[in-house]
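Grab a coffee and work through these exercises with the structure open beside you. Try each task before you read its solution.

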There are 2 protein chains.
Amino acid sequence: MSLGTVAIIGLGLQGGSIGLAVQEFLPGTRTTGYDLDPATRTRAAERGLVHQVCGTAAEAVSQADLVIFCVPPGVMGEAAAEVRGAIPSGALVSDVGSCKQSIAAALREALPDHTVIPAHPVAGTENSGPDAGFAHLFRNRWCIVTPPEQTDLVKLSELVAFWEALGANVEIMDARHHDLVLAVTSHLPHLIAYTIVGTASDLEDVTQSEVIKYSAGGFRDFTRIAASDPTMWRDVFLTNRDAVLTMLQRFTEDLTALQRAIRVGDSDTLFDHFARTRAIRRSIIEEGQDDSRPDFGRTDHENGGARG
Amino acid sequence: MSLGTVAIIGLGLQGGSIGLAVQEFLPGTRTTGYDLDPATRTRAAERGLVHQVCGTAAEAVSQADLVIFCVPPGVMGEAAAEVRGAIPSGALVSDVGSCKQSIAAALREALPDHTVIPAHPVAGTENSGPDAGFAHLFRNRWCIVTPPEQTDLVKLSELVAFWEALGANVEIMDARHHDLVLAVTSHLPHLIAYTIVGTASDLEDVTQSEVIKYSAGGFRDFTRIAASDPTMWRDVFLTNRDAVLTMLQRFTEDLTALQRAIRVGDSDTLFDHFARTRAIRRSIIEEGQDDSRPDFGRTDHENGGARG
């Protein structure tokens with residue numbers, strides 16, 4: 001695997017983590033980067049997220065073998081169009097967005113003469129911006145690559161090798177299926193979390209300070225993902241609209257059924273539903289996708305009390 | 001604070017933690033315990049959750065100054081009625097249930113001649129049973145005490161001192177208000193989590209193994225609380241039905257509004273909603289009710305990769 005230069009457009013959580021990971025795991029590869037926000041560029045240079053933070057996107061991509069767009073889904077096409085003439089003709093173009101069909105279409109339209117292979121590392125934290133990234137973000141996480149039909153197989157294998165070098169496990173998937181899978185494993189959970197945190201802040205009978213005080217009863221788990229970057233998530237819901245609305249309808253049907261069981265006192269339906277959800281958590285832990293420590297390890301059994 | 005003997009009925013996560021905490025923080029106090037399940041009694045004795053595991057509930061309470069019922073909300077009255085004649089007349093009776101109005105009524109009916117002061121430590125993990133408890137569960141967590149009108153103030157202060165000794169911060173609250181507050185901070189989040197985990201397991205287009213594989217995108221956060229004890233949660237929803245249905249209606253209204261914003265492409269509404277939910281998480285962390293480390297500390301920045 002010998003990529004000479006990787007250009008990263010957008011230096012937030014994802015872009016910054018890629019830059020740091022390349023420096024750690026692919027020491028022979030040079031990294032350049034650009035962010036629209038001057039303050040982000042300054043901070044990126046201070047943290048050394050890439051070898052060279054450039055003053056324009058065109059400069060950042062000018063020597064690139066691989067260009068990765070790490071901007072919100074809604075501005076992928078715009079960011080790509082801006083550097084159309086500057087990307088070397090043989091360079092591979094990719095991205096890290098959470099929705100693959102609409103982003104693939106936007107990148108292909110903006111860069112009709114380049115090889116575009118979209119990808120999505122399923123990894124992140126609730127933090128965003130140039131201080132959020134770290135080199136091990138992708139370790140033991142899945143990166144879903146969604147090549148178009150008749151893709152360049154050499155370039156595809158380069159992209160796969162790149163993500164594997166950064167610690168990810170790579171899965172190849174059709175973009176449409178990706179969008180459906182992510183709608184249920186990521187987009188719907190975020191929408192639900194944003195909703196319930198909003199609901200809890202708007203009550204008249206229960207004050208916001210009470211919600212905060214007694215959040216250890218379950219609510220606090222939702223506040224983590226509801227603290228994620230609002231620009232990115234607005235774009236996710238707008239660009240993966242159909243899949244999100246489909247999953248939301250299924251969720252609402254199921255919630256209505258449980259609501260009815262509560263109202264009529266149907267204890268068997270409630271128990272049966274609650275009993276079968278444990279197995280999924282066990283599998284997620286077995287596959288290394290979550291922490292097995294109770295309470296996410298927040299409650300420190302040895303030393304007493306939660307951190308934070 | 002000098003309680004001679006504390007009797008714990010029900011030796012799961014809460015009862016076991018109380019037993020261990022009393023032994024650590026109130027070394028002068030003797031603990032007795034009972035559980036309906038013989039296997040739980042055996043395991044409780046092996047772990048030393050209390051000084052003496054008794055063969056009957058009557059034996060466990062016979063010398064008690066304080067009796068704490070740690071059984072599911074739906075069987076509180078039954079458990080109390082069973083030991084009516086065995087509890088010393090001066091003993092204080094309390095519990096740890098998540099719904100206070102219905103449990104208070106059940107305990108008062110079962111034990112009309114005793115002082116009953118219900119309480120609810122807002123602390124827990126997704127684990128249950130005799131192996132789940134630990135001495136520091138209540139440290140820096142709130143314990144809500146809901147005394148009835150004209151309560152015995154000496155006994156009330158004993159109960160407050162007891163919970164403070166175990167590391168909790170105590171708040172006195174009206175039972176009706178407690179049930180409303182917990183409906184939003186605990187019961188609704190659990191219902192939503194149980195629902196979405198069920199929805200995700202029932203899809204035809206997305207397999208369960210895909211849901212598990214890509215759960216790091218947000219879904220896995222919901223699986224933790226959806227792994228909680230099904231018997232207890234069935235009882236919570238049935239005993240705090242009205243408050244849960246009220247909160248659920250508010251949630252559904254808010255979700256419908258966001259659904260509409262996605263459908264019509266109202267990006268301002270989405271952004272505004274997503275931007276205002278960050279402040280709540282910050283406050284929860286500032287008040288020590290959650291862990292400030294990104295990703296609940298699951299992603300270990302120093303050593304690379306998530307534990308588990």
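What follows is a set of exercises on a predicted model, each with a worked solution.

**Exercise 1. Get your bearings in chain A.**
Find which residues of chain A UniProt assigns to a domain feature, and which two domains the domain assignment gives.

*Solution.* Start with the record: an unreviewed UniProt entry puts "domain: Prephenate/arogenate dehydrogenase" at residues 4-292 of chain A. Next, look at what that span is made of: 52% of it is helix and 11% is strand. Its end C-alpha atoms sit 40 Å apart. Now turn to the domain assignment, which splits chain A into domain 1 (5-173) and domain 2 (177-297).

**Exercise 2. Look at how the two domains of chain A meet.**
Work out how many residues each domain brings to the contact, how much area gets buried, and which three residues of domain 1 supply the most of its share.

*Solution.* Step one is distance: the C-alpha centres of domain 1 and domain 2 of chain A are 29 Å apart. Step two is the contact itself, with 19 residues coming from domain 1 of chain A and 18 residues from domain 2 of chain A. Step three is area: the two domains bury about 1,600 Å² between them, and 57% of that is on carbon and sulfur atoms. As for the top trio, Ser98(A), Glu126(A) and Met173(A) supply 32% of the area that domain 1 of chain A buries against domain 2, more than any other three residues.

**Exercise 3. Track down the polar links between the domains.**
Count the salt bridges and polar contacts across the domain interface of chain A, then sort the domain 1 side by residue class.

*Solution.* Here's the idea to keep in mind: oppositely charged side chains can pair when their charged atoms come close. Across this interface the rule finds one salt bridge. Now check Glu126(A) and Arg224(A): their side chains meet in a salt bridge, at 2.9 Å from N to O. Polar contacts across the interface come to nine residue pairs. On the domain 1 side, α5 (101-110) and β8 (142-145) of chain A each supply at least two residues. Sorted by class, that side has seven nonpolar, nine polar and three charged residues.

**Exercise 4. Move on to the interface between chains A and B.**
Find the number of residues in contact, the buried area, and the element of chain A that gives the most residues.

*Solution.* Begin with the head count: 116 residues of chain A are in contact with 116 residues of chain B. Together the chains bury about 11,300 Å², with carbon and sulfur atoms giving 65%. Tyr214(A), Ile262(A) and Phe274(A) supply 7% of the area chain A buries against chain B, more than any other three residues. Polar contacts between the chains add up to 36 residue pairs. Plenty of helices join in on the chain A side, among them α7 (175-201), α11 (241-264) and α12 (267-276), each with at least two residues. The one giving the most is α7(A), with 20 residues. By class, the chain A side divides into 51 nonpolar, 37 polar and 28 charged residues.

**Exercise 5. Follow the charges from chain to chain.**
How many salt bridges are there between chain A and chain B, and where in the chains does the Glu171(A) to Lys213(B) pair sit?

*Solution.* Over all chains the structure holds 30 salt bridges, and the count between chain A and chain B is 12. Take Glu171(A) and Lys213(B): their side chains meet at 2.9 Å, N to O. This pair runs from strand β9 (residues 169-172) of chain A to helix α8 (residues 208-213) of chain B. For another example, look at Asp202(A) and Arg276(B), where the closest N and O atoms of the salt bridge are 3.2 Å apart.

Conventions. Residues are numbered from 1 along each chain as its sequence is written. Chains are lettered from A and ligands numbered from 1 in the order in which they are written. This is a predicted model: local features need pLDDT of at least 70, side-chain atom pairs count only at pLDDT 80 or more; totals for chains, interfaces and linings use all residues. Side-chain values use heavy atoms; hydrogens and water are left out. UniProt positions are given in the numbering used here, feature names are shortened, and annotations may be inferred rather than shown by experiment. Helices (H or I, at least four residues) and strands (E, at least two) are DSSP runs, numbered from the N terminus. Domain bounds come from an automatic or database domain assignment. Contact means heavy atoms within 4.5 Å. Buried area is the accessible area (1.4 Å probe) that two parts lose on being put together, summed over both. A salt bridge is a side-chain nitrogen of Lys or Arg within 4 Å of a carboxyl oxygen of Asp or Glu. A polar contact is a pair of N or O atoms within 3.5 Å; within protein, one must be able to donate a hydrogen and the other to accept it, and residues adjacent in sequence count only if both atoms are side-chain atoms. Ala, Val, Leu, Ile, Met, Phe, Trp, Tyr, Cys and Pro count as nonpolar, Asp, Glu, Lys and Arg as charged, and the others, Gly among them, as polar.
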